[in-house]
Amino acid sequence: MYKIDIEKVIEIVQKDKNDFDRDLIISSYEFAKEKHANQKRLSGDDYITHPLAVAGILAEMGLDETTIAAALLHDTIEDSDVTPEEIEKLFGSKIKDLVEGVTILGEIDFSKLPDQNIQEIKFQHEIENLRRFFLAMAKDVRVVIIKLADRLHNMRTLNFLAIADQKRISRETLEIFAPLADRLSMGQIKAELEDLAFRFSNPEDFKIIEGLVTKNERERKNYLAHINRIITNDLEEEAIKAKIDGRVKHLYSIYKKLNKVNNDFSKIYDLLAIRVVVNNIEECYKAMGIIHARFKPMIYLIKDYIAVPKPNGYQSLHTTVFGIKGKITEIQIRTIKMHEEAENGIAAHWHYNESKLNVYKKGVSSFAPQEKLGWVNKLANWQKNVSINTNLAEELQIDLFNDRIFVFSPKGNIFDLPEGATPIDFAYELHSAVGNRCRGAKVNGKIVNLNYQLNNRDVVEIVLAPKNDKTGPARDWLEHVKTAKAKQRIKNWYRQSNREENIEQGSKILLSDLRVFSLDGGDISEEVKKKILDETNWRSWDDLLSAIGDGTITAKQIIRKIVGQRLYDELEAKKETKNQTKTVEPEEKRLNLSGILVRYGECCKPKKGDKVKGYITQGQGVTIHKSNCHSLLTSSQDRIVEIDFDIPSKLRTRVEILGKNRVGLVRDIAALIARENIVIEDLKAYNSEKNVSFIDLSFSIENPDILTELLPKIGRIEGVQSVRKK
Ligand code: MN
């Protein structure tokens with residue numbers, strides 16, 4: 001394998017820059033060479049060949065001498081006895097920061113990537129966290145660029161490792177490093193990383209694709225040369241100077257495309273890509289017009305990434321045409337600047353050499369600070385909700401994550417939290433059940449308060465309450481948590497716990513009402529439950545019990561469904577009779593009401609203490625009216641009987657409520673009444689066009705005095721305008 005030496009590195013840097021610190025590069029090299037003196041790569045080469053190769057990759061990309069010096073030194077802290085202080089003393093704080101940054105990134109353990117068998121969304125989330133963590137750990141984007149070049153050289157020499165390591169490292173490369181290169185729009189590194197990782201992780205498929213591509217290679221080269229001549233001539237006629245080259249797309253991208261078209265190789269149109277690099281945007285569109293005049297475009301494959309750049313900032317016009325002899329060919333048209341950015345992404349921003357950018361004379365100059373900032377903004381956009389300090393243009397340091405911290409679980413999983421987050425946030429990040437059972441926390445092995453503010457790289461361990469402990473979160477946690485997730489889940493717990501009370505309450509009400517029918521709650525079979533749920537649209541039996549508990553529905557409505565209407569009526573009649581014997585205790589019985597069904601007149605609503613008379617209905621028992629009720633005057637007098645008894649304590653009451661219609665108004669009223677342990681027996685609600693709700697509800701109360709407290713309470717519910725007893 002070709003091995004680069006320091007003279008070659010300097011030669012590459014020299015091509016770009018006339019004025020650079022040659023001594024810095026030489027002295028870094030000498031220092032690194034000495035420190036790695038007795039070390040070998042697995043290939044058997046001297047260790048220094050590795051930092052040299054990394055420096056070479058970066059020099060090709062046009063990076064500055066600071067980055068190249070740091071690249072030469074990048075493994076000295078990790079692999080020898082060199083300290084950061086020593087590097088700072090010899091090479092300055094900037095280079096120390098870069099080398100130290102690369103060392104920190106090297107400590108990130110990717111050996112435990114999330115399990116591929118977990119849910120796709122979860123997997124992507126965890127992988128994304130790793131990528132973000134990686135970026136966040138690098139304070140200067142050049143640290144990431146060095147690390148990518150480091151990974152590229154390690155991938156190039158991966159064949160010296162054991163197969164298991166090759167697979168593991170390739171997977172890291174595909175999941176972490178190639179996507180990062182893509183995000184930094186470093187297309188060249190991304191493509192090479194992917195192809196190398198593809199080769200080692202999936203050698204069988206790699207060989208197949210390689211075979212498909214190398215077949216007809218000579219023919220393809222001739223074709224590219226031919227179409228290149230035609231396009232060059234056409235453009236020159238219109239006074240457009242262009243640099244055109246053609247290539248086969250990289251293998252991994254073909255492989256991914258093949259998967260998309262069910263492995264039908266004939267469906268991969270853009271195996272060949274021809275790049276047309278022109279001077280300015282105007283010429284891009286003009287060139288596309290000229291090419292389309294010659295070769296018919298496949299209309300649906302024209303993509304304007306100039307007007308609408310890809311998320312990583314990539315710009316170009318893409319068109320797919322029927323080329324010579326109808327051969328399908330993809331053509332990418334872009335400016336020099338776009339080309340630079342597509343190949344080297346952010347690294348292009350260290351490319352200041354005007355002469356190189358001005359190959360074609362016309363006004364393409366180096367990037368202004370403003371444009372550099374544009375790039376950082378793009379990265380920030382990707383990393384959403386992060387504000388950018390405008391001074392960043394100067395150093396291009398990434399401090400995009402200054403409002404985020406990354407902490408670890410004892411198992412080493414990474415969690416991304418907002419600054420100021422506490423162990424409670426962390427616990428809810430793990431799982432809502434962990435949050436609810438969180439009782440204490442250890443940070444880096446030491447017990448801390450639950451309102452302790454976590455720091456970057458803390459290892460956090462949650463101390464849990466026993467599984468059956470139902471205490472749940474404390475309300476004041478809401479003041480200590482930072483994440484919306486934790487807040488939401490604490491509030492949910494409180495809502496849920498009310499629900500549990502409601503279920504319990506509902507279950508009690510149902511049981512006691514069933515008992516009146518001589519039924520037991522346990523008698524309700526699952527089939528019946530299912531049937532009732534189907535009829536009533538409640539999602540679960542618990543939901544139904546909860547609805548009874550909070551008063552949304554009455555137990556009677558359900559019992560009617562359980563026993564059937566007819567049986568219900570019968571039982572209801574019996575029940576009332578039973579009630580009669582129990583609760584009605586006439587002092588002097590002029591008419592013995594024992595065993596007679598008693599109803600109360602809807603007209604006058606007699607209540608406890610009223611003077612009453614009875615009216616014998618046809619086969620329906622006795623209706624009780626106030627003795628002065630006008631309806632008695634118009635009824636057959638022979639049916640009116642004197643009775644003397646106290647009206648039983650339970651009194652049916654009807655209340656009419658007027659309110660402004662809003663979601664949950666009825667529910668809130670019903671819940672309030674349920675909290676007073678009053679069972680709603682009937683509830684009707686309707687809304688007028690003017691958004692006024694009329695709610696009419698009936699319930700039985702022990703004592704009319706209850707109303708004097710209850711009605712004002714209802715009146716205070718949001719939206720209620722008036723409440724009155726009917
Ligand atoms: Mn290295």
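When I call a residue buried in this talk, I mean that its relative accessible area is under 20%, while exposed means over 50% and partly exposed covers what lies in between. With that in hand, let me start at the metal site, keeping in mind throughout that what we have here is a predicted model.

The manganese ion is coordinated by four residues, namely His50 and His74 through NE2, and Asp75 and Asp150 through OD, at 2.2 to 2.4 Å. If you follow these donors along the sequence, their spacing reads H-x23-H-D-x74-D. Of these donors, I would point out His74 and Asp75, both of which are buried.

Let me turn now to charged pairs. As general background, side chains of opposite charge can pair when their charged atoms come close. Searching the whole structure gives 21 salt bridges, and I will go through a few of them.

One of them joins Lys40 to Asp46, with 2.7 Å from N to O. Lys40 counts as exposed because its relative accessible area is 55%, whereas Asp46, at 40%, falls in the partly exposed class.

Another is formed by the side chains of Glu192 and Arg156, at 2.6 Å from N to O. This pair links distant parts of the chain, since Glu192 sits in helix H11, residues 187-201, and Arg156 in helix H9, residues 141-156, with their positions 36 residues apart. Both ends are partly exposed, Glu192 with a relative accessibility of 28% and Arg156 with 32%.

A third example is the salt bridge between Lys485 and Glu429, where the N to O distance is 3.3 Å. Lys485 belongs to helix H23, residues 484-516, and Glu429 to helix H20, residues 423-430, so this pair ties together parts that are 56 residues apart in sequence. Lys485 is partly exposed, because its relative accessibility is 32%. Beyond single pairs, there is also a network, in which Glu88, Lys96, Asp97 and Glu100 are joined by salt bridges that share partners.

Finally, which residues gather in a patch of positive charge on the surface? They are Lys256, Lys260, Lys303 and Lys310. Within that group, Lys260 lies in helix H14, which spans residues 251-260, and Lys260 counts as exposed because its relative accessibility is 72%, against a cut-off of over 50%.

How values were computed. Residues numbered from 1 in each chain as written. Predicted model: local features only at pLDDT ≥ 70, side-chain atom pairs only at ≥ 80, totals over all residues. Heavy atoms only, no water. Patch = residues over 30% accessible without salt bridge, like charges linked within 9 Å, V, L, I, M, F, W, Y side chains within 5 Å. Areas by Shrake-Rupley, 256 points an atom, 1.4 Å probe, with all protein chains shown as cover. Salt bridge = Lys/Arg side-chain N within 4 Å of Asp/Glu carboxyl O. Lys, Arg positive; Asp, Glu negative; His and termini not counted. Charge placed at Lys NZ, Arg CZ, Asp CG, Glu CD. Helix = DSSP H or I, 4+ residues; strand = E, 2+ residues; numbered from the N terminus. Buried < 20%, exposed > 50% of the residue type's maximum accessible area, 1.4 Å probe, protein only. Donors = N, O, S within 2.8 Å, 3.2 Å for Na, K, Ca; no water.
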